[in-house]
Amino acid sequence: MSSITINGALAELALSVKNSNKSAFLDFFRKSTKEEEALAHSILSTSSAFQESALFWSESMEKSRSAMFERMISARNLYLIDIDSMIDYQIFLINDSVMLAKMTTLIIFTLGILIFFYYQWRLNQIYRDIKSACSIDVDGTPPKMTMEEIDFLARRLARKAPNITNLALLNPISGINNEKGMVTSYNIKRNNKNMGSLFIAHFEIDQHDKLISALSKDDLNSLYKKIVDILSMYEQPLDVIAHLENNTFAYLMARNSKDSALSEAEKVISSVQDSLFQSDQGNFKVTLSAGLMLKAPSKTLEESLTMVAKITEKAKESGGNRVAQLRDGIDQFR
């Protein structure tokens, strides 16, 4: 009975040793070392020697049992030494795997941080480009774009495409509405339910006659175009901007209140004042005078435009670079 028990235990031990040398699922990721191969070969040898000695001892005669027992104990000690060596090596592999896992985690974390900051940098570039493309030019320097994706937006903002394609309704210098085009655009938009009250702002360049004598035709045209660009920055969907024949500018504003319209006109005045304009003789500055009024339903657009031009004259007489308007309810300027 004891022989059967010993044989069963030895068979389980032999199977365990045999299975311990089989390749694991992820072993191909790790290069096998000579130390591992030597330990595996040694533990196979000592395991076989121990099993053989144990079998001999279990089947030995009474007179030789003592010698067989000593032989088995000696084989067992060698086998235990190899087991201890294999355990130490397995602990080394576990520590190595833990260190590898830490390094992998650190590398992934570092890459994640770098990717995050890279896309944050790209996002900031896009925000800067949008801000640059949408800002008003105040020093004559064209906006610098760092992203190719924003280039198309800068080109579109540089000159807004007019809604009217009839050249007879466009000013040949700036490419926006002339007086006829303004009336046509106004007639198209005035029936919109969301239009609200219509205010008319009329802008005129201060000391325009002196500029005509001092600047070339190309410089004057660049001046007009840049003023139109500034006006376009404040244009809303229901607004109409026009470049009139006498090189003044009309701005039809659909706003909910007079204060809102006045604030918009003053922003245009301030933006032009802060901007630099280029010429062959160097950079220069200009200012605008403006008149503002609410269009009365009983008056035509042409009549209202004539009236607001007179208000602009009052602003020029007061020193320019300001917005003049009619006092509410009476025919006096303020």
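Helices and strands here are DSSP runs, numbered from the N terminus, with at least four residues for a helix and at least two for a strand. With that in hand, let's walk through the structure, which is a predicted model.

Start with the overall layout. The protein has nine helices and five strands. Reading from the N terminus, the order goes α-α-α-α-α-β-α-α-β-β-α-β-α-β. As for how much is tucked away, 35% of the 334 residues count as buried.

Now look inside. The largest nonpolar core is made of 32 residues, and Phe-203, Ile-205 and Leu-223 have the most contacts within it. Several elements each give at least two residues to this core: strand 1, helix 7 (217-233), strand 3, helix 8 (258-274) and strand 4 (288-294). Helix 7 supplies the largest share, with seven residues.

Helix 8 is worth another glance, as Lys-258 lies in it. Lys-258 is called partly exposed because its relative accessible area is 21%, and the cut-off for buried is under 20%. Try finding Phe-199 from there: Lys-258 and Phe-199 are 59 residues apart in sequence, yet their C-alpha atoms are 7.6 Å apart in space.

Next, the loops. Between strand 2 (240-243) and strand 3 (249-255) there's a loop that holds Glu-245, and Asn-247 is found in that loop too. How do these two fare for exposure? Glu-245 has 77% relative accessibility, so it counts as exposed. Asn-247, on the other hand, is buried, because its relative accessible area is just 17%. Asn-247 also has a positive phi of about 60°, although it isn't a glycine.

Which other non-glycine residue has a positive phi, this one of about 55°? That's Gln-207. You'll find Gln-207 in the loop between strand 1 (197-205) and helix 6 (208-214). Gln-207 counts as exposed because its relative accessibility is 56%, with exposed meaning over 50%.

Finally, come back to Glu-245 and look at the surface. Which residues join Glu-245 in a negative surface patch? The partners are Glu-179, Glu-302 and Glu-303. So this stop brings us back to the loop between strand 2 and strand 3, where Glu-245 sits, exposed because its relative accessibility is 77%.

Technical notes: Residues numbered from 1 in each chain as written. Predicted model: local features only at pLDDT ≥ 70, side-chain atom pairs only at ≥ 80, totals over all residues. Heavy atoms only, no water. Patch = residues over 30% accessible without salt bridge, like charges linked within 9 Å, V, L, I, M, F, W, Y side chains within 5 Å. Areas by Shrake-Rupley, 256 points an atom, 1.4 Å probe, with all protein chains shown as cover. Salt bridge = Lys/Arg side-chain N within 4 Å of Asp/Glu carboxyl O. Lys, Arg positive; Asp, Glu negative; His and termini not counted. Charge placed at Lys NZ, Arg CZ, Asp CG, Glu CD. Buried < 20%, exposed > 50% of the residue type's maximum accessible area, 1.4 Å probe, protein only. Core = buried A, V, L, I, M, F, W, Y, C linked by side-chain atoms within 4.5 Å.
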